[in-house]
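Me: I'd like a close look at the sheets of this protein and the helices packed around them. Please keep it brisk and go residue by residue where you can.

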Amino acid sequence: MIQPSIDLRSDTITRPTSDMLKAMYEAKTGDDVFAEDPAAVELQERCAALFGHESALYCPSGTMTNQIAINVHVRPGDEVVCDRKSHIYNYEGGGIARNSGASVRLIEGDNGRFRWSDVISEINPSDSHYARTSLVSVEDTCNRGGGSVWDLQDLRDIQTGCRGINLPLHLDGARVWNALIARNNNAVPTEDIWRSYGKTFDSISVCFSKGLGAPVGSVLIGGQSFIEEAHRTRKVLGGGMRQIGGLAGACLHALDHELPRMNQDHFHAQELAKTLENIECVDSIEPVDTNIVIFSVKAHVSADQFVSWADKQGIACFPFGGQKVRFVTHRDVTEDQIKRACTLLKQAQF
Ligand SMILES: *Cc1c(COP(=O)(O)O)cnc(C)c1O
């Protein structure tokens, strides 16, 4: 398929810039399975330090980093507590059961977010009748929750509760960059904010191939012994890679040059949401915290109809279940394209 002119399907479609390609070309490389790839080592060290942890591991995808984390934290028969909207439950091919033999206990949160009080009632008693509750996982921002940003105090309460009973807490931080920037009034936070946020969790998965624009990769962050085990699981899953310096170089470049512009995606999402507010066929718009806009179309229009109308205008987007449609803003959608999309959307008639 030829790329549509205004592509709001996903922030995964971002392509490396020429500066990023140059950084990839210049990155030093070696065999990463032997831990001899200088750029991968630098990326891992930088990610661990940024989030206040000891160690990190570069992997081919965010699904893999999440699945490895789950695999290291749980044993077969255990239970993972997460929100019904979470990526680990909805979009990882049933990997929790398939890779780790564990089941899930779902919380009905607020756009993917919940509180410690919601978690307590889902933790099983330590009695052999019950599955052992061995992990709590949160997603900040929550994709299916419309890029929703968590309240810091809620996360700290969950951390305190989990630590009190030795229950590990995992963060699916595929869009943690968006979360940290949004919570900091759309500016890149200082180092101590990253670190204190990172220390809230026992393990963290962060993604470089979405809003940050790198072609491939996620990094799993945690303590020394956790990452040692993660190495083993990555190998077993076939995720050990060799000369990946170029890929890691893209991620390093993204940290320096893409993070500072990510707030633009948030402003663009706000512009789209404001336009949608005045469109006849739009019924409601979910709160827009970051770079994702989820809205419902009125009953006389189906989401598929709306999406195919938009497609004809050169705006690509996805239906998102029921009457819902999702727009995602990202680095490859320019200010001009957003303006054009708003003009086109105002003409929507059904
Ligand atoms: C995209 C995403 C992932 C990982 O996706 P991959 O395509 O496997 O890299 C994980 N969690 C969330 C919330 C995501 O949006």
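Reply: What follows walks through the two sheets, the helix contacts, two loop residues and the cysteines. Keep in mind that this is a predicted model.

Start with the seven-stranded sheet. It is open, and its pairing is mixed. The strand order is S2-S8-S7-S6-S5-S3-S4. Strand S2, residues 55-59, forms one edge, and strand S4, residues 103-107, forms the other. Each of these two pairs on one side only. On average, neighbouring strands here are turned by 20 degrees against each other, direction ignored.

Zoom in on one pair in this sheet. Strand S7 covers residues 203-207, and strand S8 covers residues 218-222. The two run antiparallel and are joined by five bridges. One residue pair to find on screen: Ser205 has Leu220 of S8 as its bridge partner.

A helix lies on this sheet. Helix H10, residues 224-236, packs there and touches S2, S7 and S8. The direction of H10 makes about 20 degrees with that of S2.

H10 also meets a second helix. Helix H3 spans residues 62-73, and its axis comes within 9 Å of the H10 axis. The two axes cross at roughly 115 degrees. This crossing is right-handed. From H3, the contact uses Met64, Ile68, Ala69, Asn71, Val72 and His73. From H10, the contact uses Phe226, Glu229, Ala230, Thr233 and Arg234. By class, the H3 contact with H10 has six nonpolar, three polar and two charged residues.

Now another helix pair. Helix H2 is residues 38-50, and helix H11 is residues 245-257. Their axes come within 8 Å and cross at roughly 40 degrees. Here the crossing is left-handed. H2 brings Ala39, Ala40, Glu42, Leu43 and Arg46 to the contact. H11 brings Gly245, Ala248, Gly249, Cys251, Leu252, Leu255 and Asp256. The residues of this contact divide into seven nonpolar, two polar and three charged.

Next, the four-stranded sheet. It is also open, with the order S9-S10-S13-S12. Its pairing is antiparallel. Strand S9, residues 282-285, and strand S12, residues 318-319, stand at the edges. Each has a single partner strand, so one side of each has no neighbour in the sheet.

S12 pairs with strand S13, residues 324-328. The pairing is antiparallel and runs over two bridges. Within it, Pro319 stands opposite Val325 of S13.

This sheet has a packed helix as well. Helix H13, residues 303-312, touches S12, S13 and strand S10, residues 292-297. The direction of H13 makes about 35 degrees with that of S13.

Two loop residues deserve a look. Leu8 sits in the loop between strand S1, residues 6-7, and helix H1, residues 18-26. Leu8 counts as buried because its relative accessibility is 0%, and the cut-off for buried is under 20%. Beyond its neighbours within four places in sequence, Leu8 contacts Leu272, Ile315, Ala316, Cys317, Arg326, Phe327, Val328 and Val333. Leu8 also shows how the chain folds back in space: His330 is 322 residues away in sequence, yet the C-alpha atoms are 7.9 Å apart.

The other loop residue is Thr329, between S13 and helix H14, residues 335-346. Thr329 is buried too, with a relative accessible area of 0%. Leaving out residues up to four places away in sequence, Thr329 touches Asp11, Asp265, His268, Ala269, Leu272, Asn291 and Ile338. Compare its distance to Val282: the two are 47 residues apart along the chain, and their C-alpha atoms are separated by 19 Å.

Last, the cysteines. The structure holds zero disulfides. Cys47 is in none; the nearest cysteine sulfur belongs to Cys251 and is 7.7 Å away. A disulfide would need the two sulfurs within 2.5 Å. Cys47 is buried, at 0% relative accessible area. Cys162 is in no disulfide either; for Cys162 the nearest cysteine sulfur is that of Cys82, 13 Å away. Cys162 is likewise buried, at 1% relative accessibility.

Terms used
Residues are numbered from 1 along each chain as its sequence is written. This is a predicted model: local features need pLDDT of at least 70, side-chain atom pairs count only at pLDDT 80 or more; totals for chains, interfaces and linings use all residues. Side-chain values use heavy atoms; hydrogens and water are left out. Buried means under 20% relative accessible area, exposed over 50%, partly exposed in between (1.4 Å probe, protein chains only). Axes are lines fitted to C-alpha atoms, for helices over the stretch in contact, and angles run from 0 to 180 degrees between N-to-C directions. A crossing is left-handed if the near helix is turned anticlockwise from the far one by less than a right angle, and right-handed if clockwise. Contact means heavy atoms within 4.5 Å. Ala, Val, Leu, Ile, Met, Phe, Trp, Tyr, Cys and Pro count as nonpolar, Asp, Glu, Lys and Arg as charged, and the others, Gly among them, as polar. Two strands pair if DSSP finds at least two bridges between them.
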